[in-house]
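Me: Could you take a close look at the aromatic rings in this one for me? I'd like a connected walk-through rather than a list.

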Amino acid sequence: MTRYAHITGWGHAVPDQVLTNDDLARRVDTSDEWIRSRTGIRERRIAAPGEYTSTLATRAAAEALRMAGVHPRDVDLIIVATNTPDYIFPATAALVQDALGASKAGAFDLQAACTGFVYALTIAADMIKAGGIHTALVIGAETLSRIVDWEDRNTCVLFGDGAGAFVLEAAEEPGGVITSVLRADGSGAELLMLPTCGTRHPVSPKALEERLQYLRMNGREVFRFATRVMNSATREVVAKAGLSLEDIHWIAPHQANRRIIEAAAKALKRPLDDFLLNLDRYGNTSTASIPLVIYEAAQEGRIQPGQYGVLVAFGAGLIWGATLVQWTGPRPARKPPRMAWHRRVAQVGSWMRRVRRQVEGLLAR
Ligand code: UT7
């Protein structure tokens, strides 16, 4: 039997606090006009002091589970894709597992920068298709506001906090997560990184003085790389699925910069309307950006069962990738199936055999 991995629930979580471009212009030498025209971003969400990547991830996951009608104890695997884990270890996914009460789930974090959600979705879907697990939670969650240098206008205007989650379930009907392409080129590692907190440059007074605990980026080079790979990865994944670009109903791009998405639309010869967009309200939420934009589109009915969509992302590493899905949506409410008469007879037979063995055991003493 061929198994498929369907997306049966989706959820989201964003902090309440909104930081507008005008708010930023009061902190650094920038303007609403510059940010909007160069990036398309108008505002972003910022986590409150008591909010962490794990708490946003848990809220998004709980909503996705409710929609799918899946109890947390029926989840086999939780993957949290993140660049801003609560700790280097333990895994944020383990904190989410505990908060949800997913008592039978394995849990791990996945670090593939902004492409993390695409990687996590691919791994979970392939495990379901291989038969190793039945139900997975795939989460992209970030509190990037905690690693942004609020004195650096080149980067602080770009990022925001949030989380998105999908429930994946095994099914016999074709559809769901079809295929992916995953790529990396570590020769570009220095273009976008957080220099300290790892083991190469441990936290030290000198590192803090040099502000190495904050994200650094060569924006121009990342922009160039992004426009190239959004086009190539989308084309590759569509070809790998045996489809053509005309078969694709919508594209969910990583929400980094509207100009990057416009360039991809041009290169793919598709109208911008085919691209799901919400970066104007959330900025770049890294691993959360694709599940967040799909969440909104699905809630608005913009994406429909049966449609083909491409999720495409790029980021630090350099790492990029794309996943092709056939959207299905939540299943109708499931009732426990009635047991067929021959299975009931077999169950009664096995129960009687067990009782007989116990009685014989007692008599033999
Ligand atoms: O998830 C993946 C992560 N990253 C990305 O996807 C980012 C990709 N890169 C980008 O989106 C763009 O490169 C940026 C939005 C970061 C920058 O846009 P740009 O058009 O490439 O600007 P630039 O870096 O070439 O800078 C142009 C000018 C510079 O001034 P000078 O040197 O020409 O005098 C910058 O200092 O704009 C200046 N600038 C700003 N001015 C006002 C840079 N940031 C700002 C700012 N406000 N916030």
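Which residue lies over the face of Trp150, and at what distance from the ring centre?

Reply: Keep in mind that this is a predicted model. The residue over the face of Trp150 is Arg27, at 4.9 Å from the ring centre.

Now for rings that meet other rings. Searching the whole structure turns up six aromatic pairs. Take Trp10 and Trp327: their ring centres are 4.9 Å apart and the planes sit at 45°, so this pair counts as tilted. Trp10 belongs to strand E1 (residues 4–13), while Trp327 is in the loop between strand E13 (319–326) and helix H12 (341–364), so the contact ties together parts 317 residues apart in sequence. Both Trp10 and Trp327 are buried.

Trp327 also pairs with Phe166, this time edge-to-face, with 6.2 Å from centre to centre and 70° between the planes. Phe166 comes from strand E7 (residues 161–171) and Trp327 from the loop between E13 and H12, so here the parts tied together are 161 residues apart in sequence. Phe166 is buried as well, like Trp327. Put the ring pairs together and you get a cluster linking Trp10, Phe117, Phe166, Trp250 and Trp327.

If you're wondering about cysteines too, the disulfide count is zero. The sulfur of Cys197 has its closest cysteine sulfur in Cys114, 17 Å away, which is too far for a bond. Cys114 is buried at 11% relative accessibility, whereas Cys197 is partly exposed, at 34% relative accessible area.

Terms used: Residues numbered from 1 in each chain as written. Predicted model: local features only at pLDDT ≥ 70, side-chain atom pairs only at ≥ 80, totals over all residues. Heavy atoms only, no water. Phe/Tyr/Trp six-rings, centres within 6.5 Å; stacked < 30°, edge-to-face > 60°. Helix = DSSP H or I, 4+ residues; strand = E, 2+ residues; numbered from the N terminus. Buried < 20%, exposed > 50% of the residue type's maximum accessible area, 1.4 Å probe, protein only. Lys NZ or Arg CZ within 6 Å of the ring centre and 35° of its normal. Disulfide = S-S within 2.5 Å.
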